[in-house]
Amino acid sequence: MMTLLLTVICFLSGSLMFSYWIGFLLEINIRATGDGNPGAANLWKEAGAGYGLLGIALDFGKGYLPVFLIIQSGAVSGYGLVPVALAPVFGHAFSPFLKGNGGKSLAVSFGVWSALTKFRASLTYALILASLYVITKIMKKGKKNTSNEDGIQTTVGFLLLAVYLFWKHYPGFIHWIWLGNFSLLFWKNKHALAEKLKRP
């Protein structure tokens, strides 16, 4: 019962669409930008770095704070953390405040993994993404990434994160959380991945 209650709380935390609401207050529809993602990346594009960073911080916090507090309290541990940790990620992706059409959950995923691994996995993921970004820039001779290419990088980068988790011998429940998170990122970026595979 406790696990179910905390999962619901974490889902509701994740479903708070801060970046979209900031855009709304600024009279900007960030869903009309690029890939239509109601997240901090499109807020940054439309409202500037200041508001974009605020959106990232809030989206990060709604994943980090509830999971961190639950771990610190000891209310749930081990495999009981699987639904609790995934709930903010799925809450953002399928927010009831946007009729189930939420964002890609990148910032909130960083928050959750920072809480789960004391920032170790999230920093590793950031380094992986930075490396993929540089490699892509070199391959494209400095040309800007499309939204689809960004989505592919985040998904491939998260796949590579599994290597780090295995290397560091994280417990089994962490790998289940990774699988759930990866599955969601894959689903949210499935069209970009399919388009990439179709190209010769």
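**Helix α7 and two pockets**

I will start with one helix. On one side of α7, Leu123, Leu127 and Ile138 are exposed. Keep in mind throughout that this is a predicted model.

The opposite side is where the buried residues sit. In α7 these are Ala121, Ser122, Thr124, Tyr125, Ile128, Leu129, Leu132 and Thr136. Why do they lie on the same side of α7? They do so because the arc they cover around the axis is only 160°. As for what covers these buried residues of α7, the list includes α6, α8 and α9.

Now the geometry of the helix. α7 is made of 20 residues, and from its first C-alpha to its last it reaches 29 Å. At 1.5 Å a residue one would expect 28 Å, so the span is close to that. After α7 comes Lys141, which has a positive phi, near 55°.

Next, the pockets. The largest pocket holds about 990 Å³ of space. Its lining counts 34 residues, and those closest to the centre are Ala41, Leu106, Leu129, Asp150 and Thr154. Leu129 is one we have met already, as one of the buried residues of α7.

Which helix gives the most to this lining? That is α7, with seven residues. At least two residues each come from α3, α4, α6, α7 and α8. In residue numbers, α3 is 40-47, α4 is 49-73, α6 is 106-117, α7 is 120-139 and α8 is 147-167. By class, the lining of the largest pocket comprises 15 nonpolar, twelve polar and seven charged residues.

The second largest pocket has a volume of about 310 Å³. It has 18 lining residues. Nearest its centre are Asp35, Lys104, Lys188, Asn189 and His191. Two helices to note here are α9, residues 172-188, and α10, residues 190-198, each of which supplies at least two residues of the lining. The most comes from α10, with three.

How many residues of each class line the second largest pocket? There are four nonpolar, nine polar and five charged.

To go back over the main points: α7 has its buried residues on the same side because they span an arc of only 160°, and α7 also gives the most to the lining of the largest pocket. In the second largest pocket, that role goes to α10. That is what I have for today.

Key:
Residues are numbered from 1 along each chain as its sequence is written. This is a predicted model: local features need pLDDT of at least 70, side-chain atom pairs count only at pLDDT 80 or more; totals for chains, interfaces and linings use all residues. Side-chain values use heavy atoms; hydrogens and water are left out. On a 1 Å grid over the protein atoms alone, a cavity is a set of points where a 1.4 Å probe fits but cannot get out, and a pocket is an open set with protein on both sides within 12 Å along at least five of seven lines; lining residues have an atom within 4 Å of a point. Grid points are joined across faces, edges and corners, and a volume is the space filled by probe spheres set on the points. Helices (H or I, at least four residues) and strands (E, at least two) are DSSP runs, numbered from the N terminus. Ala, Val, Leu, Ile, Met, Phe, Trp, Tyr, Cys and Pro count as nonpolar, Asp, Glu, Lys and Arg as charged, and the others, Gly among them, as polar. The expected span of a helix is 1.5 Å times one less than its number of residues. Buried means under 20% relative accessible area, exposed over 50%, partly exposed in between (1.4 Å probe, protein chains only). The arc is that of the directions from the helix axis to the C-beta atoms. Contact means heavy atoms within 4.5 Å.
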